[in-house]
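Student: I would like a close look at a single part of this model, namely one sheet and what surrounds it. Please take me through how the strands are arranged and what lies around them.

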Amino acid sequence: MSQSSPFFNRWLSQLGPDHIFAILTDLVDAGAVFAVDAAGKVIFWSKGAEKLFELPAEKVLGKLCAEALNCDKGRDPCGLAEHGEIKAQMVKLRRPGGGTLTCYRTARAFFDADGQFAGALEFLQPQASTAPGPAAMSNSESFHGILSRDPTMQEAIKIIRNVAETEATVLIRGESGTGKELVANALHLESARHNKPFMAINCAALTPSLLESELFGHVKGAFTGAVRNHAGVFQRAHEGTLFLDEVAELPLELQAKLLRVLQEQSFIPVGADAAITVDVRIIAATHRSLREEVKAGRFREDLMYRLRVVPVFLPPLRERRQDVNLLLWQCIQEHNQHGPRHVDSIAPEAMRRLLDYRWPGNVRELKNVVEYAFAVGRGNEITLDDLPPEFRETSAPNSFIAPVSKSIRQGNEADLIREALQAANGHMETAARSIGMSRATFWRKRKKYQID
Ligand SMILES: Nc1ncnc2c1ncn2[C@@H]1O[C@H](COP(=O)(O)OP(=O)(O)OP(=O)(O)O)[C@@H](O)[C@H]1O
C-alpha cells in the first residue's frame, strides 16, 4: 500500500488529479503509460507512449487498444480482464513506421461493484531497460550472488545481514534449489569468519557410517579401508563455518554427536580415544519441517532448538514470480558473456510458459532451462521450441499453474475459490496461485461470491 501524508488529498484536489496524473506519467519517460475504458478503448496516452510508439495521442485516443498498439498475434482478449493483473509479460508490438518493439507489460484492471471489467491502466517498458546489465543487477538487487525482488527473500536477506556478525546458529528452510547453500555462503561472507573456511556437507547424500566419518573424521585402522587418518569437515572448518544441508536426514545416533559438538565444541573422531576441540559456526538447512520430524520421533527436540536459533525461510520460485524474469535475464546475460550465442529477447509464448511453470526444481531448474535453451536454440530469441519438452506439452497439469478457464461458470468458480482456500488453510496468496489467479482477482471474486 502506498503511503501519503494527510495533506495529500487536499494537494491532489488543489492541483487536479488529471494534472498530477499527467506529470506522474511524464516522469516515467522511458516507458509508455496508457489507460483504457470498459470497452478497451484508449482514453489516456502519455508523452512517453507518444515517444515509444511514435504515435501522437490524437491518432490513438478513442481507438481499441489492440488495434492502436498492433499487438502480435492479435492478443484478443489480452487476458487482463480475466487475471486482473499482469506483471512483466513480454509482448512484441509493431511500430506504425515499421520494425518491432519488445516490451514488458505491467497492467492492472479495475472492476465495478458487480465485478465487471471497468478499464485498466497499463505500463509498457522497452525490453532493454528491464533486462539490465549484470552490473546494474549486482549493485541493486544482488547480495553475494542472491538475486531477488521478492519481499520474503528481502526479509531473509535482512535477517542474514543482521545475524552475520553474531555467532547465532541459523536454520534455513526451503525446497531444493531455492538457494539455501547460496544463502549460507552469503552469511559466512558477511561474518567475521569470512576469510576462514566455509565447508558444506549434504547429510542426505551419504550412508550413516560414511557420513560420520565425513563429519568427524577417523583415525587410521578405525575400520577396514581406513588406511590413514582423515580429518572430517568439523575439523577442516575450524574457525570458519560449516553448512549442514538436509540436516533432518541425519541419523539419530549422529544427532547425539552433533548436539555434543554444539554444546561443547568438541568431538571424538571415529576410532580415536581423544576429543578434538573446534571453533565452528553451524548453519543448517532442511526442506522439511523439523517440528514435524520431532513429532514423528525422527529428530531430537533438543537438537532442533539448538539449530533453529534463527530460522530463515526461502520461498519456492513459484511463489515469487517476479524473480523468474529477473533470474532468467541474469542467466541469459551470463551465457551471452561466455558463449557464442547472444540472446536479447524471449518470444511472448515462451515467456508466458516460463512464468506459468511451477518450477519444482526452483532456481537450479531455471538455470538448467536457460542452459538447455542456449544449447538447443539458434538466433537471438528464445522461442517455445528452445524450451525443454515439459514446457511445450500443453497437457502437463502438474507442472503448470492452471490458468483460469473462461468457461468456469459462476457457481463452479465460487466452489473453486472455496476449495482453493480450504486447501491453502485460508492463505490467500497460496490459494490464488493454486488456481492461477492474481491475489487481486482472487480477493475481488471472493468478495463477489461472499466467501468467508
Ligand atoms: N536467488 C538466487 N539468485 C541467484 N542464483 C540463485 C538464487 N537461488 C539459487 N540460485 C542458484 O541456484 C542453484 C541452486 O542453489 P542452492 O544450491 O543454493 O540451492 P539449495 O536450496 O541449497 O538446493 P539443495 O537443497 O538441492 O542443495 C545454484 O546454482 C545457485 O547459485
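Tutor: In this predicted model, strand E8 (residues 170–173) pairs with E14 in the parallel sense, over 4 bridges. Within that pairing, Leu-171 has Pro-311 of E14 as its bridge partner. Helix H9 (residues 151–164) lies across both E8 and E14, and its direction is at about 150° to E14.

E8 is also joined to E13 by 4 bridges, and these two strands run parallel. Here the bridge partner of Val-170 is Ile-283 in E13. Strand E10 (residues 241–245) is likewise linked to E13 through 4 bridges, again in parallel. The bridge partner of Phe-243 in E13 is Ile-283, the residue that also serves Val-170.

These pairings belong to an open sheet of 5 strands in the order E9-E10-E13-E8-E14, with parallel pairing. Strand E9 (198–202) and strand E14 (310–313) stand at the edges; each has a single partner strand, so one side of each is left without a neighbour in the sheet. On average, neighbouring strands of this sheet are turned by 20° against each other, direction ignored.

Strand E13 (residues 281–286) deserves separate attention. In a regular strand, side chains alternate between the two faces of the sheet. For E13, both faces are covered: Arg-281, Ile-283 and Ala-285 are buried on one side, and Ile-282, Ala-284 and Thr-286 are buried on the other. Because 6 of the 6 residues of E13 are buried, the strand is largely enclosed by the rest of the structure.

Tyr-305, which lies in helix H15 (residues 301–307), is a case of exposure. Tyr-305 has 12 C-beta neighbours inside 10 Å and therefore counts as exposed. The C-alpha atoms of Tyr-305 and Thr-169 are 9.9 Å apart, although 136 residues separate the two along the chain.

The ligand remains to be described. Its shell consists of 17 residues, of which the closest are Ser-176, Gly-179, Lys-180, Glu-181 and Val-363. Two or more residues of the shell come from each of strand E7 (146–147), helix H10 (180–190) and helix H18 (362–376). By class, 5 residues of the shell are nonpolar, 7 are polar and 5 are charged. Domain 2 (151–313) and domain 3 (317–392) both contribute to the shell, so the ligand lies between them.

Conventions. Residues are numbered from 1 along each chain as its sequence is written. This is a predicted model: local features need pLDDT of at least 70, side-chain atom pairs count only at pLDDT 80 or more; totals for chains, interfaces and linings use all residues. Two strands pair if DSSP finds at least two bridges between them. Axes are lines fitted to C-alpha atoms, for helices over the stretch in contact, and angles run from 0 to 180 degrees between N-to-C directions. Two residues are in contact if their C-beta atoms, placed from the backbone, lie within 7 Å. A residue is near a molecule or strand if its C-beta atom, placed from the backbone, lies within 6 Å of it. Ala, Val, Leu, Ile, Met, Phe, Trp, Tyr, Cys and Pro count as nonpolar, Asp, Glu, Lys and Arg as charged, and the others, Gly among them, as polar. Domain bounds come from an automatic or database domain assignment. A residue is buried if 20 or more other C-beta atoms lie within 10 Å of its own, exposed if 12 or fewer, and partly exposed in between; C-beta atoms are placed from the backbone.
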